[in-house]
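The following exercises concern a protein model and are to be worked through with the sequence and the coordinates at hand. Please attempt each task before reading its solution.

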Amino acid sequence: MKETPLSNCERRFLLRAIEEKKRLDGRQTYDYRNIRISFGTDYGCCIVELGKTRVLGQVSCELVSPKLNRATEGILFFNLELSQMAAPAFEPGRQSDLLVKLNRLMERCLRNSKCIDTESLCVVAGEKVWQIRVDLHLLNHDGNIIDAASIAAIVALCHFRRPDVSVQGDEVTLYTPEERDPVPLSIHHMPICVSFAFFQQGTYLLVDPNEREERVMDGLLVIAMNKHREICTIQSSGGIMLLKDQVLRCSKIAGVKVAEITELILKALENDQKVRKEGGKFGFAESIANQRITAFKMEKAPIDTSDVEEKAEEIIAEAEPPSEVVSTPVLWTPGTAQIGEGVENSWGDLEDSEKEDDEGGGDQAIILDGIKMDTGVEVSDIGSQDAPIILSDSEEEEMIILEPDKNPKKIRTQTTSAKQEKAPSKKPVKRRKKKRAAN
Amino acid sequence: MAGLELLSDQGYRVDGRRAGELRKIQARMGVFAQADGSAYIEQGNTKALAVVYGPHEIRGSRARALPDRALVNCQYSSATFSTGERKRRPHGDRKSCEMGLQLRQTFEAAILTQLHPRSQIDIYVQVLQADGGTYAACVNAATLAVLDAGIPMRDFVCACSAGFVDGTALADLSHVEEAAGGPQLALALLPASGQIALLEMDARLHEDHLERVLEAAAQAARDVHTLLDRVVRQHVREASILLGD
């Protein structure tokens, strides 16, 4: 997306107002916009609002191997991200000049001034050191990114806590935040950037330019100082021509501004620490303003719904069994049908044996009768072992039907089998089958 | 700092210079035939080459053309063998991009860009050996190259670095003095008007000492201007002899 254009009338109007020592938002020449610092739920997370410019700072740490030429120092890494939500002109991969400039300025301001004791981040020299990573995300761009970013970085570093480490011999023990309290970083001083915008070849000077003033300015001078009035970084950009007296005057103004901002930062950190100790609420959600149209926050009232759930479960359980009961008869029918089919098969075998008797002669008939007697004996034995089997009963009945027509000897065997079986339940079954055989 | 004494009790530095003394500066213009302007400079053991092409038509995207002035394109690179340890990438890392950006801003302020609308001026700077004061050497080399190309400038841009050790301001830092970690100030100056084209400082320096360090850097830059002016006049004299005027 392209940047929102600035019309010539607006540009001229801005410059005319600056010539008359006035600013469009009503500030004085050396005034900052309102600075507001919010802290996240975790340590090391903060949002800094400089007017409408918002920067999110997040610090994380990791145990890594140190660099070869500095075996006793921890590693600091800074990353500033110009996200697309900040301004329409910010696209991924573009704004490279601005990104390089801001990243390098941040790196020089915080790393080269040695504001953090990197030797205290060493756990085992040459083997394990802490790597502290500072990620800065620009959420909204309304001018003066570098001041908001430097405040966000230093506030996040002051707020961060790293896990406690103990070393015994070659053993390194890392404790969780519950086991031991996390340890804050040792910060020697707090460098803060102050930006000065120059107009009309350096004739006019403004502190903390907003987005429109940045579009109109000729050049920018950034001075980073700490509250002890030590200059940490100076960077001029934009092709302006400064004089030595101007630089010295800017450094004096920067000293005053940095003292004020440092007090604000210390107060915000102290308030957050107090809230956490007293067990109060903290996090970004608490910083949302109440009673606003665009933000809504309400306390949840606890209602006992466990009983309701139990009653609902009981109702569901009672409703389910009837459908299960209905399905029971269907399951029995297939088993019953299988038994019936088995009976029919045995009937088919008897018919075949009768046909053979009719076809064969007298001698052959005698041989067949002998075979039948053997099978009959086997069947009777099986029957004695498993009396309730219906199949065996049906076979014995078949023998009874055939024998009285042919041989008297077989009648004797029939009588013996009849004596063995005297159960009354089986008699009606025999009668039915005899009738069928007669037919 | 514990093991190394940057300033002796007699007021001499590690390499024998006094506090406000420059390293030996040798410079040469017109070292390449293909380029419109070229220059080579040595400041002590820091050696830099600069090449200028232009003003010429915009290359690449025409959207970059500016309707009222020329576009200055700067690229800084340092050779892989220029430092004690070999550099993996000659250009493209953050420091190189930043250096190119600063050079561009410096020369946008110094070159009369409004004389060449919708055109482009390319400045390429290469560091052959780095021994401290790299930015200053690049600016000085680029100034000579731009003059060799005949591009109108409002003045020389003379650059020098300065430091602060034991209450004394040092001029033209060497690598040993830079590596010691004290404050380092780099200043690009238009000597006639005393205007500052670029100002850059690292490490901590109390505000009360800023004026002294600035003054030391400005004085050193004026001394550099004297030497560069001599080089330019020598080059013009040789050129006029060759032309037979």
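Four exercises with worked solutions follow.

This is a predicted model, in which local features need pLDDT of at least 70 and side-chain atom pairs count only at pLDDT 80 or more, while totals for chains, interfaces and linings use all residues. Residues are numbered from 1 along each chain as its sequence is written, chains are lettered from A and ligands numbered from 1 in the order in which they are written, and side-chain values use heavy atoms, with hydrogens and water left out.

**Exercise 1. Describe the fold of chain B.**

Step 1. Assign the elements, taking helices (H or I, at least four residues) and strands (E, at least two) as DSSP runs numbered from the N terminus. Chain B has four helices and ten strands.

Step 2. Read the elements in sequence order: the pattern is β-β-β-β-α-β-α-β-β-α-β-β-β-α.

Step 3. Determine burial, where buried means under 20% relative accessible area, exposed over 50%, and partly exposed in between (1.4 Å probe, protein chains only). Of the 245 residues in chain B, 50% are buried.

**Exercise 2. Characterise strand S6 of chain B, residues 158–165.**

Step 1. Examine its burial: eight of the eight residues of S6(B) are buried.

Step 2. Separate the faces. In a regular strand the side chains alternate between the two faces of the sheet. On one side of S6(B) lie Cys158(B), Cys160(B), Ala162(B) and Phe164(B), and on the other Ala159(B), Ser161(B), Gly163(B) and Val165(B); all are buried.

Step 3. Identify the partners, given that two strands pair if DSSP finds at least two bridges between them. S6(B) pairs in the antiparallel sense with S8(B) (residues 184–190) over six bridges, and Ser161(B) stands opposite Ala186(B). S6(B) also pairs in the antiparallel sense with S7(B) (residues 168–171), over four bridges, and here Val165(B) stands opposite Thr168(B).

Step 4. Inspect the turn. The hairpin of S6(B) and S7(B) has two residues between the strands, and Asp166(B) takes a positive phi near 50°.

**Exercise 3. Analyse the interface of chains A and B.**

Step 1. Count the contacts (heavy atoms within 4.5 Å). In this sense 32 residues of chain B touch 35 residues of chain A.

Step 2. State the buried area, which is the accessible area (1.4 Å probe) that two parts lose on being put together, summed over both. The two chains bury about 3100 Å², 53% of it on carbon and sulfur atoms. In chain B, Arg94(B), Arg204(B) and Glu207(B) lose the most area, together 25% of what that side buries.

Step 3. List the salt bridges (a side-chain nitrogen of Lys or Arg within 4 Å of a carboxyl oxygen of Asp or Glu). There are eight between the chains; one of them joins Lys244(A) and Glu215(B) at 2.6 Å, N to O.

Step 4. Locate the elements involved. H1(B), S9(B), S10(B) and H4(B) each give two or more residues to the side of chain B that touches chain A, and H1(B) supplies the largest share, ten residues.

Step 5. Look for strand pairing. S14(A) (residues 230–237) and S10(B) pair in the antiparallel sense over two bridges, with His206(B) as the bridge partner of Glu230(A).

**Exercise 4. Describe the surroundings of Asn144(A), which lies in the loop between S6(A) and H3(A).**

Step 1. Check accessibility: Asn144(A) has a relative accessible area of 1% and is therefore buried.

Step 2. Find its side-chain polar contacts (N or O atoms within 3.5 Å; within protein, one must be able to donate a hydrogen and the other to accept it, and residues adjacent in sequence count only if both atoms are side-chain atoms). The side chain of Asn144(A) meets that of Asp147(A) at 3.0 Å and that of Asp208(A) at 2.5 Å.
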